[in-house]
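Hello,

Here is the structure I promised to pass on to you. Please open it next to this message, and my notes on what turned up follow below.

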Amino acid sequence: VDSKGLFTAPFWNMFDWAKIDDEQECVLHNSIFMVGAIDAARKCAGVLNKKNHDLWLLSLRKRLCKAINSCWDDKRKSYPDSIHKNGKVSTSFCQHTSFLTLLYDVVPATKRKSALKNVLKPPTWMTRVGSPFAMLYLYEALEKYGHQDHIIESIYRNYLPMLKAGATTVWECFPGGTAVSGVGNF
């Protein structure tokens, strides 16, 4: 966790085969995934009756969520993809930060509607999901918020081209690099 309170690492920080500004050390989706990992660790601690870990994990989660939410862009009504090494905030925005903050309960209630809109009807300037792998996280967030009909429609639109091409397994990327019509074009 860096001085801004975000997860930062000098690794390949890629999550999806989409045009996300992920060639930085501080990529917001990784901080959001860390919140999910903390939630999983808290559940494990509970099952293992190691409740003494809950306080520091909960404290870390709160600090991380506060840092993530400090990155919210009020003009774009979204989170940026990354923070560059020089402190410059990325000008690139993707659906991924919105659906992950919804999935892991990071986004505050006051911004939840905007985050959900980024998932269901993303603006034209927003990067959409590019791979079936990342799409599964989006589907999980949609299910959590009661949008099963959008999941079914998206599966039909995005996976049908693979079937029509004779695929016997799911492709690594959707045709064209992003979801055929995006989950957000209903």
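Let me begin with a single residue: Lys 66, which sits in helix H2. Please keep in mind throughout that this is a predicted model. Lys 66 has a relative accessibility of 67%, so this residue counts as exposed. If you measure from C-alpha to C-alpha, Lys 66 and Tyr 79 are 13 Å apart in space, with their positions 13 residues apart in sequence.

Next, how the helices pack. Helix H1 covers residues 28–47, and helix H2 covers residues 54–69. The axes of these two come within 10 Å and cross at roughly 160 degrees. An angle over 145 degrees counts as roughly antiparallel, so that is how H1 runs relative to H2. Their crossing is left-handed. On the H1 side, the contact is made by Ser 31, Ile 32, Met 34, Val 35, Ile 38, Asp 39, Ala 41 and Arg 42. H2 brings Asp 54, Leu 57, Leu 58, Leu 60, Arg 61, Leu 64, Cys 65 and Ile 68 to it. Sorted by class, the contact of H1 with H2 holds eleven nonpolar, one polar and four charged residues.

H1 also packs against helix H3, residues 95–103. Here too the axes come within 10 Å, but the crossing angle is roughly 15 degrees. Angles under 35 degrees count as roughly parallel, and H1 and H3 are therefore roughly parallel to each other. H1 passes H3 in a left-handed crossing. From H1, the residues involved are Leu 28, His 29, Ile 32 and Phe 33, and they meet Thr 97, Leu 100 and Thr 101 of H3. Four of the residues in this contact of H1 with H3 are nonpolar and three are polar, with no charged ones. Ile 32 is listed in the contact with H3 and in the contact with H2.

H3 has a further partner in helix H4, residues 109–120. The axes of H3 and H4 come within 8 Å, crossing at roughly 130 degrees. That makes the pair oblique to each other, and the crossing is left-handed. Gln 95, Ser 98, Phe 99 and Leu 102 of H3 make the contact with Arg 112, Ala 115, Leu 116, Asn 118 and Val 119 of H4. The classes in the contact of H3 with H4 are five nonpolar, three polar and one charged.

What lies at the centre of the nonpolar packing? The largest nonpolar core has 40 residues, and those with the most contacts inside it are Leu 6, Ile 68, Phe 99 and Leu 138. At least two residues of this core come from each of H1, H2, H3, H4, helix H5 (132–144) and helix H6 (148–164). Ile 68 is worth a click: leaving out residues up to four places away in sequence, Ile 68 touches Leu 6, Ser 31, Ile 32, Val 35, Tyr 79, Thr 101 and Val 106.

Now for the loops. His 147 is found between H5 and H6. Is this histidine buried or exposed? His 147 is buried, as its relative accessible area is 17% and the cut-off for buried is under 20%. Apart from neighbours within four places in sequence, His 147 is in contact with Leu 116, Leu 120 and Leu 142.

Asp 73 belongs to the loop between H2 and S2, where S2 is a strand of residues 82–83. With 26% relative accessibility, Asp 73 counts as partly exposed. Setting aside neighbours within four places in sequence, Asp 73 is in contact with Ser 78 and Phe 93. Asp 73 and Leu 28 are 45 residues apart in sequence, and their C-alpha atoms are 13 Å apart in space.

Two backbone angles deserve a look as well. Most residues other than glycine have a negative phi. Lys 77 has a positive phi of about 55 degrees although it is not a glycine. This lysine lies in the loop between H2 and S2 and is partly exposed, with a relative accessible area of 45%. Asn 49 has a positive phi too, near 60 degrees. You will find Asn 49 in the loop between H1 and H2, where Asn 49 is exposed at a relative accessible area of 60%.

Best wishes

Conventions: Residues are numbered from 1 along each chain as its sequence is written. This is a predicted model: local features need pLDDT of at least 70, side-chain atom pairs count only at pLDDT 80 or more; totals for chains, interfaces and linings use all residues. Side-chain values use heavy atoms; hydrogens and water are left out. Axes are lines fitted to C-alpha atoms, for helices over the stretch in contact, and angles run from 0 to 180 degrees between N-to-C directions. Helices (H or I, at least four residues) and strands (E, at least two) are DSSP runs, numbered from the N terminus. Angles under 35 degrees count as roughly parallel, over 145 as roughly antiparallel, 65 to 115 as roughly perpendicular and the rest as oblique. A crossing is left-handed if the near helix is turned anticlockwise from the far one by less than a right angle, and right-handed if clockwise. Contact means heavy atoms within 4.5 Å. Ala, Val, Leu, Ile, Met, Phe, Trp, Tyr, Cys and Pro count as nonpolar, Asp, Glu, Lys and Arg as charged, and the others, Gly among them, as polar. Buried means under 20% relative accessible area, exposed over 50%, partly exposed in between (1.4 Å probe, protein chains only). A nonpolar core is a set of buried Ala, Val, Leu, Ile, Met, Phe, Trp, Tyr and Cys residues joined through side-chain atoms within 4.5 Å.
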